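This report goes through a protein structure part by part. Please keep the sequence and the 3D view open while reading.

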Amino acid sequence: MNRRKFLASASITAVLPMPTFAAEDIFRLRAEAVVQQLLPESDPATAMLGFNGSMPGPELRMRRGERVTIEVENGLDEGTAVHWHGIRLENQMDGVPMLTQNLINPSETLTYSFVPPDAGTYWYHSHYISYEQVARGMMGALIVEDETPPDVDQDITVLMSDWRMSEDGSLSDTFADRHSVAHGGYLGNVARAFLSSDQVRSGDRVRFRLINAATNRIFPLSISGVSGSVVALDGMALAEPRPLAELVLAPAQRADVIVDITGPVGFDMMTRQGAYRLADLAVSGSNTLRQPQPIAVLAAPDLQTPGEATQHLTLTMMGGAMGGRHDGDNIWAFNNVSDLQDDPFGSFERGETVRITLVNDTSFPHGIHLHGHHFYEVGADGALGDLRDTTLVDAGESRDIICVFDNPGRWLLHCHMLSHAVGGMRTWVNVA
Ligand code: C2O
Ligand code: CU
């Protein structure tokens, strides 16, 4: 099979494994080898990694402001660590080996505990040799429920990823070949979305929580059979819902949309060759009770308002194929340095407002992720734009972000194209 060519759309709807515990319980996640039917039923199932017997792992639902405890048992034959992506949590719970914790060794259990401060759509994933462990399937949805949920008939998670499959239905074991790392990263030849429900009624109002859990692939998404609005990005409510057009999700980015079902629902990734179907959602029956009404605005996030920036830093992305030279000793670099160094890229006092200019001086797009915080993307007009934890900067472009560094600790700042991260695009900041 040519790995640049996708298989014919699988057109199967696999349902996300739902948690078997209530929101107030202790969650137990066991990282382990699993077998998942990624390909159509007529093809073999695939040996992968996952949690609690499934890939993706169970969807964790928790309540804003209430402490959760998650016991992670390592049932793998190598170390691991789990990162709760996008949650503004205590630094020592962030799941980053060597920076915030020791590895969870095989058969060990580590207890994570934190209070999620914001309602919204998040996810969890391995943060150890993540370009491989995530590519093998170590991911799941993490939902922080709203205190007052918007009026919808269903709340459905849509977690998408891609995988590089061999002819025999097994995962290819090439996760970090030099060519991929220097280009767009490990890209799959099969892409799928997993849904937490397999049926809606026509006329239903539905919230979709879209999560790009792929290691490197940017998903330009189109949803057919619906009309509605985007209500949140990276977990954070938009002040004004935006009309739903084509959405672009970089790796690790999320979008919440609220839509009315008008026909058979399809989730498509738009490619140069046309639409590639990620999942179908069957429509059966119709909802005759729902009255037309405007789409709800979600509760505004409770974040500190940025002050005047006290530092202005520049982070220049360098290297890769067709990129300029740099002094780092890996394929990619930030400001001429590859990989984590002893000294942080930035040192901030707690509460400091900082402007960072992200300059993409390479030939590839990069999705830059900051741990432990959300930041504002600054618009071309200089105004504060969307709050995000991962921002996509296209090749040759630059973007300013403004962040109030109010969460003490050592936080990673890296490209969430995980091949680029292992290829050197990683640094960290210190908030004291
Ligand atoms: Cu979603 Cu450093 O990761
Ligand atoms: Cu990158």
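A cavity is a set of grid points where a 1.4 Å probe fits but cannot get out. The structure discussed here is a predicted model.

## The cavity

A search of the whole structure for cavities of 30 Å³ or more finds 1. The space in the largest cavity comes to about 90 Å³.

Which residues line the largest cavity? They are R88, L303, Q304, P306, H373, H374, Y376, L387, I402, C403, V404 and D406. Strand β27, residues 398-405, gives the most to this lining, with 3 residues. Sorted by class, the lining of the largest cavity has 7 nonpolar, 3 polar and 2 charged residues.

## The second largest pocket

A pocket, unlike a cavity, is an open set of points. The second largest pocket has a volume of about 340 Å³. It is lined by 15 residues, and the closest to its centre are H127, Y128, I129, S130 and R426.

Three elements can be named here: α1 (130-133), β28 and α3 are the elements that give two or more residues to the lining of the second largest pocket. Helix α3 gives the most, with 3 residues. The lining of the second largest pocket divides into 11 nonpolar, 3 polar and 1 charged residues.

## The copper site

Which protein atoms are the donors of the copper ion, ligand 2? The donors are ND1 of H366, SG of C415 and ND1 of H420, and they lie 2.0 to 2.1 Å from the ion. Along the chain, the donors of this copper ion follow the spacing H-x48-C-x4-H. H366 belongs to strand β23 and H420 to helix α3 (residues 418-422); the two are 54 residues apart, and the pair links distant parts of the chain.

Are H366 and H420 buried or exposed? A residue counts as buried when its relative accessible area is under 20%. H366 has a relative accessible area of 0%, so it is buried. H420 has a relative accessible area of 1%, so it is buried as well.

## The sheet of five strands

Strands of a sheet pair through backbone hydrogen bonds, either parallel or antiparallel. Strand β23, which holds the copper donor H366, is part of an open sheet of 5 strands with the order β21-β29-β28-β23-β26 and mixed pairing. At the edges stand β21 (346-348) and β26 (390-393), and each of them pairs on one side only. From one strand to the next, the twist averages 20 degrees.

Within this sheet, β23 (residues 366-370) and β28 (residues 409-415) pair in the antiparallel sense, over 3 bridges. One residue to find in the view is H369, whose bridge partner in β28 is H414.

## The sheet of four strands

Another open sheet has 4 strands in the order β3-β2-β5-β7, again with mixed pairing. Its edges are β3 (46-51) and β7 (109-114); each has a single partner strand, so one side of each is left without a neighbour in the sheet. The twist averages 20 degrees from one strand to the next.

Strand β2 pairs with two strands of this sheet. With β5 (residues 68-74), strand β2 (residues 27-36) runs parallel, and 5 bridges join the two. R28 stands opposite E71 in β5, and the bridge partner of R30 in β5 is E73. With β3, strand β2 pairs in the antiparallel sense over 6 bridges. There, A33 has L49 in β3 as its bridge partner.

## A buried strand

Why is strand β11 called largely enclosed? 6 of the 6 residues of β11 (residues 190-195) are buried, so this strand is largely enclosed by the rest of the structure. In a regular strand the side chains alternate between the two faces of the sheet. In β11, V190, R192 and F194 point one way, while A191, A193 and L195 point the other way, and all are buried.

Strand β10 (residues 154-163) pairs with β11 in the antiparallel sense, over 6 bridges. Residue W163 stands opposite V190 in β11.

Definitions and conventions:
Residues numbered from 1 in each chain as written. Chains lettered and ligands numbered in written order. Predicted model: local features only at pLDDT ≥ 70, side-chain atom pairs only at ≥ 80, totals over all residues. Heavy atoms only, no water. Pairing = 2+ DSSP bridges. Axes fitted to C-alpha atoms, helices over the stretch in contact; angles between N-to-C directions. Donors = N, O, S within 2.8 Å, 3.2 Å for Na, K, Ca; no water. Buried < 20%, exposed > 50% of the residue type's maximum accessible area, 1.4 Å probe, protein only. 1 Å grid on protein atoms, 1.4 Å probe; cavity = no way out; pocket = protein on both sides within 12 Å on 5 of 7 lines; lining within 4 Å. Points joined across faces, edges and corners; volume = space filled by probe spheres on them. Nonpolar A, V, L, I, M, F, W, Y, C, P; charged D, E, K, R; others polar.
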